[in-house]
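Please walk through this protein with the model open beside the text, taking its sheet, its cores and its charged pairs in turn.

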Amino acid sequence: MSFPRCALLWARLPAGRPAGHRAALCSVLRARVETLPGALGRVSAVASASSSSSSASGGSKAPNTSLFVPLTVKPQGPSADGDVGAELTRPLDKNEVKKILDKFYKRKEIQKLGADYGLDARLFHQAFISFRNYIMQSHSLDVDIHIILNDICFSAAHVDDLFPFFLRHAKQIFPVLECKDDLRKISDLRIPPNWYPEARAIQRKIIFHSGPTNSGKTYHAIQKYLSAKSGVYCGPLKLLAHEIFEKSNAAGVPCDLVTGEERVTIDADGKQAAHVACTVEMCSVTTPYEVAVIDEIQMIKDPARGWAWTRALLGLCAEEVHLCGESAAIDLVTELMYTTGEEVEVRNYKRLTPISVLDHALESLDNLRPGDCIVCFSKNDIYSVSRQIEIRGLESAVIYGSLPPGTKLAQAKKFNDPDDPCKILVATDAIGMGLNLSIRRIIFYSLIKPTINEKGEKEIEPITTSQALQIAGRAGRFSSKYKEGEVTTMNREDLSLLKEILNRHVDPIKAAGLHPTAEQIEMFAYHLPDTTLANLIDIFVDFSQVDGQYFVCNMDDFKFSAELIQHIPLSLRVRYVFCTAPINKKQPFVCSSLLQFARQYSRNEPLTFSWLRRYIKWPLLPPKNIKDLMDLEAVHDVLDLYLWLSYRFIDMFPDASLIRDLQKELDGVIQDGVHNITKLIKISESHKLLNLESLSAENQSRLSGTSKGQARRMRGTKTLGSKAAEPPGPDAGEKSLASRLVQQGLLTADMLKQLEKEWLTQQTEHGKDRTEPGTPSPSKGTRRKKKESDSD
C-alpha cells in the first residue's frame, strides 16, 4: 500500500468512526513512512551500527543460544473493536499469507539480518515458527502488520518489510535479545575485590602458613587467633568448627559457633562473643576482627565450594588474615592479593613426624595390625572389608561421609581408645580432615575415586597427589601414640602407582571459584521475568565474564533443586534460599523432603515439631540391615535440612531446638547401628543369598565369575584360619559358587550349612504348594524326557 493510498483511506474514514481506529491508522502511517522504500537498507544500517557498538563495548563471547528457552506468545483472539485492518483494507487470504511467510523465511538476506540481531540459525528457525503460527492462527492482527501483509499480496510492498514485525515477535519469545548488554553488565564478575568495600577500606596483613598434613601450620594460626582480642575461624567442615569452638572455650577464650545448621552463643544472655568458629560459607564479611583464620585455603579451587574461600579471602574485615593450606595455593593467593594491594607473608612448615611408603602391599587382611586404617572410596567396599575383618575375629570402626558428625566422633573415639578392643579403622577419605585419629598405617584399598569436574561431569580416575598426601598424612600424627607413619596399598600392583602419585609435584592452583549472589540473580530475573530459576542460572553462567584468575563454580546441585521445586509458587528470593540448601541429591527421601518443605512454606503452613514427627514416622526403629541404616542416615539429613532452613525462615520452621534434640536421639540410634554394622551386613547378605529363585542365569554367571577389579580386591584374602587363597587355577571354573564364596572369605562353613538347610526347606514347601494331592501334574522332568524321546 502506497503512502497516497493510506492518506486516501484516512480521508474516506467516516466522521462517526471510533477515535481508536483513527489513532491506529495514524500509527500505521507513521510506521509506513519509516518502512517504505529503502527500509531494509536502513534496518541493515541500524543492525550494523548495533553490531559495531556491541563489539566496541568489549568484544564479548557469543552467547550459548541453546540456553534461550522460547516463551509462548498466544495468537490474538477476536477483538472487541473488530478487525480494523480488514476494514481498512480487506480480509487476508491465509494461503497467500503462508506463501509470503515461507518466501520471507527462505531469503538469505533476512537470515543474515537476523544474525546481526543475535538470531542464529536455531533461534531464527524457532522465532519464525512462532511468528508464522501467530500470524496464521490469530483471528485479527494488529493494524500495521495487517496492512503490510495486504500490500505484499498486491505487490505494493516488499516481503523484506516484514522484518521489523518479525524482529519484534522474536524479542517477545526470546526476551534475552532485548537486554543482552544489561545482562552482561550484571554478570560481569571480573573485579571481585570491589564487592567487599569494608575489606578494601583497611590494610590487611596476609600470612600464609604453608605445609603438609601434621606440620603444625594450623596450630600456629590458632594460637594467634586465641591471643587476639577478637577473631573468626573459618573451616571446611562442621567438625572442625566444633573442634575450634570447644578448644577456644576450654582455653578460657569465649567463642560462639556458627554453622549452616547450628548457632551456639556461649553467653547466657545471648550476647555475641568476640570470637567465633564457623564453617567458611557462614563467615561474616562485614564484622571487624583482629585476627581471621581461613583453613584449607587450597579448597579455593573446589569446583562446587571454592567460591566460599574466595569470598572469605577477599572479604574478611580483619587486621590479620591467616591462611592455612598447601603450598600449591601460594602463587594464586599472592596474585589475588596483588589486585587488592596487599602483600602475602609466607611461613613454611615441615612435617613433625616421619612417614614412609612401604615396599610391600598388605595383600591379605590377615596381615592387619593394630592402628591400621583401610581407606576405601565406596560404601560397598566399606561393607565388604568390614565383613571380612569381622570374619577374621577382629573388630573395626567405620567412618564414611554420610554418617552424622556425632557418629563419626563416636567411631573415632572407639578407635582411639587404648582400652577398646577395636584396633582397625575402615574409612573413606572423610578422614582426610576434621578428625583426630591415632593411625599407625594407612592402607589404600583402591586408588580409583569417582569425582565431579568443573563442568559437572563424573570422572573415575586415580586420586590426585593432593588427595593422596592429605589421606596418607593421617598416619603417625604428632598428637597420636604412633610417632611414625606408614603408607601402603591393599594390592601389590597398586603400590607402584601410589609411589608415583605421592612423588609427583603438586600443580599450582590456577583459579579461584566464584558464585552469583542472590542480588545478581534478582536483577537477571527483573529482565527475564518469565524464565525459570534453573534457566536463569544457565544464562548467567554463560553471560558471565571472569578474569583468568577466577572461574564460576559448578551449580548443578543448585539447578537440581531449582528444577525440583520450580512448580511451587515462591518468591524469587525464597526460591533462591531453598535452592542453596545443602542436600544430597542421591537420596530420594531428602529430595522429596525439600519439595515437601517448599510446598508447606508456599501454603504458609509452619512446619512444626509434631508435623515433622509425623512426616518422618517417629519413633524410628533400630536398623535391622544396611538399607535400614541408610534410611536412618537420610532421615538425619532431613533433620539437618530443617535446621538449616530454620535459621533462614524462623517463623515457618519454629521448632529448631526440639528438632535438634530429636536429631541427637536419632544420632544415638545410628551409632548403635554402626557399632553393629557387621551384623547388619551379614543379615543383608543372607537375605540376598536366600533369594536364589529370582536369580536369572545371567546373574548367576556374573556371580560365578569375577571382574578384574574384584579379582584384585579378593586376591590375597583368606578364609577363617586358613592360608592365603591362591589365584584361581585352570580348574577354578569347575568350583561351585558356594566354594568360591567360602574361599574368598565371604561365607563360612557354618553359614553354608544353615543356608543349605533353609534352601531344602524352601524347596520342600514349594513342592507341596505346586502339587495338590490327587491331581496329576506332569513335571518338567517328564516333559523333558518326552521331548528327548521324540527327538531320538
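The paragraphs below begin with the sheet, pass to the nonpolar cores and end with the salt bridges.

The model is a predicted one, and a good place to enter it is the open sheet, in which eight strands follow one another in the order β4-β3-β5-β2-β6-β7-β1-β8 with mixed pairing. Its edges are formed by β4, at residues 263–264, and by β8, at residues 344–348, each of which pairs on one side only.

Within this order, strand β2 deserves a careful look. Five of the five residues of β2 are buried, so the strand is largely enclosed by the rest of the structure. Gly231, Tyr233 and Gly235 point one way from β2, whereas Val232 and Cys234 point the other way, and all of them are buried. With β5, strand β2 pairs in the parallel sense over five bridges, and in this pairing Val232 stands opposite Val276 of β5. With strand β6, which covers residues 288–294, β2 also runs parallel, the two being joined by four bridges; here Cys234 of β2 stands opposite Ile294 of β6.

A helix can be added to this picture. Helix α13, made of residues 238–250, lies across β2 (231–235), β3 (255–258), β4 and β5 (275–279), and runs at about 165 degrees to β3.

Further along the sheet, strand β1, at residues 205–210, pairs with β7 in the parallel sense over six bridges, and the bridge partner of Ser210 in β7 is Gly325. Strand β7 spans residues 317–325 and includes Glu320, a residue whose surroundings are worth following. Which side chain of opposite charge is nearest to Glu320, and how far away is it? The nearest is that of Lys224, 4.1 Å away, and Glu320 is buried yet has no salt bridge. Because a salt bridge requires a side-chain nitrogen of Lys or Arg within 4 Å of a carboxyl oxygen of Asp or Glu, the 4.1 Å between Glu320 and Lys224 does not qualify. When neighbours within four places in sequence are left aside, Glu320 is in contact with Lys205, Ile207, Lys224, Glu290, Val291 and Ala292. Among these contacts, Lys205 and Ile207 fall in the residue range of β1, while Glu290, Val291 and Ala292 fall in that of β6.

The nonpolar cores come next. The largest contains 160 residues, and the members that touch the most others are Leu162, Phe578, Phe597 and Phe653. Helix α26, at residues 626–646, supplies the largest share of this core, namely twelve residues. Taking Phe653 as an example, and not counting residues up to four places away in sequence, one finds that it touches Phe578, Phe597, Tyr601, Leu607, Tyr642, Leu645 and Ser646. There is also a second, separate core of 27 residues, whose members include Phe415, Ala427, Leu498 and Ile501.

The charged pairs complete the tour, a search of the whole structure having found 30 salt bridges. In one of them, the side chains of Arg200 and Glu342 meet with an N to O distance of 4.0 Å. This pair links distant parts of the chain, 142 residues apart, since Arg200 belongs to helix α11 (residues 197–200) and Glu342 to the loop between α15 (330–340) and β8. Arg200 counts as partly exposed, at 24% relative accessibility, whereas Glu342, at 4%, counts as buried.

A further salt bridge joins the side chains of Arg573 and Glu522, at 3.0 Å from N to O. Arg573 lies in helix α23 (residues 572–580) and Glu522 in helix α20 (residues 518–527), so the pair ties together parts that are 51 residues apart in sequence. Arg573 is partly exposed at 34% relative accessibility, and Glu522 is likewise partly exposed, at 30%.

The pair of Asp556 and Lys559, whose side chains meet at 3.7 Å from N to O, is found within one helix. Being three residues apart in helix α22, which covers residues 556–564, the two are separated by about one helical turn. Asp556 is partly exposed, with a relative accessible area of 24%, while Lys559 is buried, with a relative accessible area of 18%. Finally, salt bridges can also form a network, as they do in linking Lys98, Asp102 and Arg132.

Methods:
Residues are numbered from 1 along each chain as its sequence is written. This is a predicted model: local features need pLDDT of at least 70, side-chain atom pairs count only at pLDDT 80 or more; totals for chains, interfaces and linings use all residues. Side-chain values use heavy atoms; hydrogens and water are left out. Buried means under 20% relative accessible area, exposed over 50%, partly exposed in between (1.4 Å probe, protein chains only). Lys and Arg count as positive and Asp and Glu as negative; His and the chain ends are not counted. Contact means heavy atoms within 4.5 Å. Two strands pair if DSSP finds at least two bridges between them. Axes are lines fitted to C-alpha atoms, for helices over the stretch in contact, and angles run from 0 to 180 degrees between N-to-C directions. A nonpolar core is a set of buried Ala, Val, Leu, Ile, Met, Phe, Trp, Tyr and Cys residues joined through side-chain atoms within 4.5 Å.
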